[in-house]
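This explanation leads the reader through one protein structure, a step at a time. It begins with a single helix and its end, and then turns to pairs of charged side chains.

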Amino acid sequence: MIFSSITFLFYFLPAFLLLYYLIPGRFQNTVLLLGSLFFYAWGEPRYILLMLFMICAGYFCGIWIETRKNHKTKKIVTALSVTFCLVCLGYFKYMDFVLDTVKRMTGLSLRLLHIALPIGISFYTFQILSYLLDIYYGKIKAQRNILTLATYIAMFPQLIAGPIVRYQDIEIQLQKRTVSVSNISCGIRRFIIGLGKKVIFANTLGEIGAKYGTAEEKTVLFVWFYAISVTLQTYFDFSGYSDMAIGLGKMLGFDFPENFDHPLDTKSVTQFWRRWHMTLGRFFRDYLYIPMGGNRVSFAKWVRNILIVWMATGLWHGADWTFVVWGLFFAFFLVLEKTFLKQYLEKAHIWNRLYLWILLTVSFVIFHASGLSDAMQTIRYMTGLGGIPILSAESLFYLRDYFLLVLLGIVGATSFPLRFVSHLKQNAGGRKVVNILEPFFLITCLLISVSFLINGSFNPFLYFRF
């Protein structure tokens, strides 16, 4: 079950919220846990036992870590607990990738296991890891109530697509929270905006990628149009799902951390990654980059730290060499920017945005490619070295059909709409206009999104690899 589905919108969510709001506050965690398990089992009935097993392991490992008095023993216990979680994640997500790589490099006759990837395993494993490591660092106390911990890990709003919520972010809210009319209203508004991002923009932009794959003739113009579209699709899909998760959290009385802050409206790769998938970035910063020494080491070790973090970031997104290259691609430009490019980018007021967009389109071509050879072929097409024409009647046809959508997507991905509304609210007349138009905008967005879903429009689920 996904948020952008008729089943979720018209059956699960209304029934769950009705029960959640009617039940006394002391039973809300139980309702939330049972609802979350049902939500997960709807799409992954085989792997719900795996998630429950991981929750129990996290519960006992957390207490095990906290009760060790000797620092050396505590460190060993933490290392064993973290290793156990990573082994579980590695087996299901990376075992076939490792076997296939060894097979290709050595020529050995290895049979792949063809393990089905449990949906959301990367997200809930990272939450368990952050919980255990925060206990080790003394930031939190181990939760003694296993149902409370299970509610935190299995909570359906952020279970399959993030954001990666740390236990310390919502520790108090797990014990006591207030569900107010203003929070529900804010949550509904945020959810509808996220749904519109996902269904109206991401799904429709995804059609361009589908048509590009089946196009009879590739052209330089069509390849660039596809690259820009797939960049926008990735942003609207990820940020839209995060908006829906944060909105659902608001409806339930939780404040989840922000995950996106208009990353396409930046001027460098460094700024981009401070605003893109921010909870993942903070996870690797706090639990991998800083423990390795961060930037307070020699230049060579700093470069090593950057490469390790971004290789891990790439692999987190999927078990394929395309994701490794995607991560190292960003690592390369981050090193360049931090060593000498930064001073030039700060002065180049137009070229810095062009620089970033070119890098992003190339990076997401790699991200969405079926393999490294496919990625390199598409990049060759983008440079005009692939022996294809600049344009054709077919590419002009698709450009005409989708140009307005892509243009609106570019504008919508920036902070301009938010700044425009904020400007209107600076005077009484503008506030009145915004207050009148906002409900109509939200209702229209919801109706269009639902009509797209009812008509069975293109609705890919990009998170299956995570």
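In this predicted model, glycine 253 comes just after helix 9 and takes a positive phi of about 95°. The helix that precedes this glycine deserves attention in its own right. Helix 9 has 33 residues, and at 1.5 Å a residue these should span 48 Å. The C-alpha atoms at its two ends are 48 Å apart, which agrees with that expectation. Of the 33 residues in helix 9, 29 are buried, so the helix is largely enclosed by the rest of the structure. Here, buried means that a residue has under 20% relative accessible area.

We now turn to charged side chains. Side chains of opposite charge can pair when their charged atoms come close. The structure contains 12 salt bridges, and three of them are described below.

One salt bridge joins aspartate 286 to arginine 166, with 2.6 Å between the closest N and O atoms. Aspartate 286 belongs to helix 11 (residues 278–289), whereas arginine 166 sits in the loop between helix 6 (146–154) and helix 7 (167–175); the pair therefore ties together parts that are 120 residues apart in sequence. Both aspartate 286 and arginine 166 are buried.

Another salt bridge brings together the side chains of glutamate 258 and arginine 190, at 2.6 Å from N to O. This pair, too, links distant parts of the chain: glutamate 258 is in the loop between helix 9 (220–252) and helix 10 (269–275), and arginine 190 is in helix 8 (residues 181–214), 68 residues apart. Glutamate 258 has a relative accessible area of 35%, so it counts as partly exposed. Arginine 190 is also partly exposed, with a value of 21%.

The loop between helix 9 and helix 10 also holds aspartate 265. Aspartate 265 forms a salt bridge with arginine 353, and the closest N and O atoms are 3.1 Å apart. Because arginine 353 lies in helix 14 (residues 351–368), this pair ties together parts that are 88 residues apart in sequence. The two partners fall on opposite sides of the 20% cut-off. Aspartate 265 is buried, with a relative accessible area of 15%, whereas arginine 353, at 32% relative accessibility, is partly exposed.

Salt bridges can also share partners. In this way Arg190, Lys197, Asp243 and Glu258 are joined into one network.

Technical notes
Residues are numbered from 1 along each chain as its sequence is written. This is a predicted model: local features need pLDDT of at least 70, side-chain atom pairs count only at pLDDT 80 or more; totals for chains, interfaces and linings use all residues. Side-chain values use heavy atoms; hydrogens and water are left out. A salt bridge is a side-chain nitrogen of Lys or Arg within 4 Å of a carboxyl oxygen of Asp or Glu. Helices (H or I, at least four residues) and strands (E, at least two) are DSSP runs, numbered from the N terminus. Buried means under 20% relative accessible area, exposed over 50%, partly exposed in between (1.4 Å probe, protein chains only). The expected span of a helix is 1.5 Å times one less than its number of residues.
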